[in-house]
Amino acid sequence: AHKALGLSGAEAIRGSRLVFVLSQHTKNFYGQMQYLARELYKLGIDSEVVLLPQDFGAADIAEELSSLAGAWSGATVYRCFYLQDANDEPIVEGMLSLVREGRIRMVPGLNPLFEGKLPLALFHSVEYNSWFRHRLGQGHYQLLMQVIPPTYVVAGAVPGALREKGINEWADLAELPKGQRRFVLKPAFASWARNLVFLHDISRGQVGEAISLALGEEGLYILQ
């Protein structure tokens, strides 16, 4: 819990302050985060939800960021937006600069690897499965096994778990009837809800095209 809140071991959880910050891209989750903030407040964690405004001029952004840095001094800012949102929202980029300068404390960190879905495929891979089991411990490992859906990198040889379903080549996904190809194809490093292809919602021809594109792209794709 200390790590999730960005607190040191010496800092008390009860009485700490947590600010959930959403961008314009993630504002649809505002209501859910408000519910979570209310529940945390009952546990003694002073929580609030902030939606970053849009349409600021450069001078206004600087003033707003200075105000936020002062208001959130000592608080943990929980980032409910993607790093790539900074490309479209200057105030997000400004906030990330405050983090890099050490003026606000933010979790999760600014590591782009964890913005995508590749770690989920690593969790299920034969090569890394035993590493995760050892590092996490049996209890946490089993919990994540229940939560994280089977995830595969669309590259190279087809994993054994898919070969057991009769998928010996990636192109074989297109030959499955719709009821048996309830898979989602996703760019491994894209944000979570963007550029998804639901294979059971499209024709066999379109599935073949999507798989060919995934195999031919420079970036990795994953299948869930």
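Leu113, Phe114, Phe189 and Leu220 come together as a nonpolar surface patch, with about 380 Å² of accessible area among the four. Patches here are built from residues with over 30% relative accessible area and no salt bridge, joining like charges within 9 Å and nonpolar side chains (Val, Leu, Ile, Met, Phe, Trp, Tyr) within 5 Å. The areas themselves come from the Shrake-Rupley method with a 1.4 Å probe, and for residues only the protein chains shown count as cover. Leu113 sits in the loop between strand S4 (105-107) and helix H4 (118-124). Leu113 counts as partly exposed because its relative accessibility is 36%; the classes are buried under 20% relative accessible area, exposed over 50%, and partly exposed in between (1.4 Å probe, protein chains only).

All of this rests on a predicted model, in which local features need pLDDT of at least 70 and side-chain atom pairs count only at pLDDT 80 or more, while totals for chains, interfaces and linings use all residues. Residues are numbered from 1 along each chain as its sequence is written, and side-chain values use heavy atoms, with hydrogens and water left out. The pLDDT score is the predictor's confidence in each residue, from 0 to 100. Its mean over the chain is 84, and 89% of the residues reach 70 or more. Broken down by element, the lowest mean pLDDT belongs to helix H2 (residues 58-71), at 79, and the highest to strand S7 (residues 197-198), at 92.

As for the overall make-up, the chain holds eight helices and eight strands, taken as DSSP runs numbered from the N terminus (helices H or I, at least four residues; strands E, at least two). Out of 224 residues, 39% count as buried. The exposed area of the chain is about 12900 Å², with carbon and sulfur atoms supplying 55% of it. Contacts (heavy atoms within 4.5 Å) reach far along the sequence: of those with a separation of 6 or more, 66% are between residues 24 or more positions apart.

Strand S3 (residues 76-80) is largely enclosed by the rest of the structure, because four of its five residues are buried. On one side, S3 pairs with S1 in the parallel sense over five bridges, where pairing requires that DSSP finds at least two bridges between the strands. Within that pairing, Phe20 has Tyr78 of S3 as its bridge partner. S3 also runs parallel to S4, joined by three bridges, and here Thr76 is matched with Arg105 in S4.

Val21, in strand S1 (residues 17-22), gives a good view of the interior. Val21 counts as buried because its relative accessibility is 0%. Leaving aside residues up to four places away in sequence, Val21 touches Val50, Leu52, Trp72, Val77, Tyr78, Arg79, Cys80, Phe81 and Met95. Met95 in turn is one of the buried residues of helix H3 (residues 90-100), alongside Ile91, Val92, Gly94, Leu96, Leu98 and Val99. Between Val21 and Val92, which are 71 residues apart along the chain, the C-alpha separation is 9.9 Å. Just after H3, Gly102 adopts a positive phi of about 80 degrees.

Turning to charged pairs, the structure has four salt bridges, each a side-chain nitrogen of Lys or Arg within 4 Å of a carboxyl oxygen of Asp or Glu. One of them brings together the side chains of Arg17 and Glu48, at 2.8 Å from N to O. That pair ties distant parts of the chain, with Arg17 in strand S1 and Glu48 in strand S2 (residues 46-51), 31 residues apart. Arg17 is partly exposed because its relative accessibility is 25%, and Glu48 is partly exposed at 29%.

Another salt bridge joins the side chains of Glu39 and Lys42, at 3.0 Å from N to O. Both residues belong to helix H1 (residues 30-42), where they are three residues apart, about one turn of the helix. Glu39 is partly exposed, with a relative accessible area of 28%, whereas Lys42 counts as exposed at 62%. Arg103 and Glu101 also form a salt bridge, with their closest N and O atoms 3.7 Å apart. Here Arg103 is partly exposed at 43% relative accessible area, and Glu101 is exposed at 53%.
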